Amino acid sequence: MTIKEKLLLLSIFLMLLVGCGFKGESITVYTSQDQVYAEPILREFEDQSGIRIRAVYDSEAVKTVGLVNRLILEKDNPQCDLFWNNEELRTRQLASKGVLDTDIGIEVFGARTRQWVWNTNQLSLASIPKNLTTLTNVQWRGKVAIALPLFGSTSTHFQILRQQWGRKRWRQWCRALLANDVMTVDGNSVVVQLVGRGEVALGLTDSDDVRAGLKNQLPIAGKSIFEDGFLIRNSIGYIAGSPFPDLAKRLAEFLQSDSVKFALIDAGALDSFSSGSIQEVNWQSVVEENEVAVDEIKSVFLD
């Protein structure tokens, strides 16, 4: 065999080795983190570790809920190893149902905030409401958009408000919102688009959606909701009985690394800082009341 032939065989062997990864290992991740943000990070983990990732994403309209229901259905025959959520409530809900490995616990990192978003051609910073109860005033009639509060961070926000305000005050406020012609739409990004187009003047959304709108040069501005707001942290849940728990731990460590945190900040998926002035949430209480709260939200916004 000539030297040229030996080099050719060696190059083919190396290509096959790289293509197969270190050990041909693989892991399945369900994630509600927006695919545009999550996919490059998961590919980076693949490149660094040689572990292949099968990622299952959700949709904007049913944010997180679809994946949570899937994990519950798969509880007795887990198909997923790690759940990477861009909020906390649904992860804690899975833990309460025994879907997650409680010996390890839930891990959280990074933060976003709930925000006011407004059209700068129609409103000034000084005119933005001081709190959420103001949205029921006549001056905001037909001028406000929110995501339908059955999914994603808006659902979490409404359930937290129900816990903090009490059921009676919260339900009166929800009904007053509808009476004031608040617009409910499919997701926080749609809220930002409507505000940017001037179809409504004001909306409730998340900080990452505001940043996305600004990147698209929409005439908008955003401000964190401090009174009655909450921090939206990424959360990681280890699936009980998962096929590859050790690989799940390796990926979880990578996701919580500084390099990933800074990558998510640079991409606009996380805030560059978090505010300690925003009230902490009693998650146990919110989880315990979840099903009742969802039924009440449906009765108000879907009936």
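## A look at helix α7 and Ser224

Let's start with helix α7, which runs over residues 188–197: Asn188, Val191, Val192, Leu194, Val195 and Gly196 are buried there. Keep in mind that this is a predicted model. Why might buried positions in a helix be spaced like this? An α-helix has 3.6 residues a turn, so residues three or four places apart point the same way. In this helix, Asn188, Val191 and Val195 are among the buried ones. Just past the end of α7 comes Gly198, with a positive phi of about 80°.

Now hop over to strand β8, residues 220–224, where you'll find Ser224. Is Ser224 buried or exposed? Its relative accessibility is 17%, and buried means under 20%, so Ser224 counts as buried.

What does Ser224 touch, once you leave aside its neighbours within four places in sequence? The answer is Thr113, Arg114, Gln115 and Trp116. Two side chains from that group also make polar contacts with the side chain of Ser224, as the table shows.

| Side-chain pair | Polar contact |
|---|---|
| Ser224 and Thr113 | 3.0 Å |
| Ser224 and Gln115 | 3.4 Å |

Ser224 can also be compared with Ile278: they sit 54 residues apart in sequence, while their C-alpha atoms are 9.4 Å apart in space.

Zooming out, the protein has 12 helices and nine strands. It has 303 residues, and 50% of them count as buried. Among contacts with a separation of 6 or more, 80% link residues 24 or more positions apart. As for the outside, the protein exposes about 14,500 Å², with carbon and sulfur atoms supplying 52% of that.

Conventions:
Residues numbered from 1 in each chain as written. Predicted model: local features only at pLDDT ≥ 70, side-chain atom pairs only at ≥ 80, totals over all residues. Heavy atoms only, no water. Buried < 20%, exposed > 50% of the residue type's maximum accessible area, 1.4 Å probe, protein only. Helix = DSSP H or I, 4+ residues; strand = E, 2+ residues; numbered from the N terminus. Contact = heavy atoms within 4.5 Å. Polar contact = N/O pair within 3.5 Å; in protein donor to acceptor, adjacent residues only side chain to side chain. Areas by Shrake-Rupley, 256 points an atom, 1.4 Å probe, with all protein chains shown as cover.
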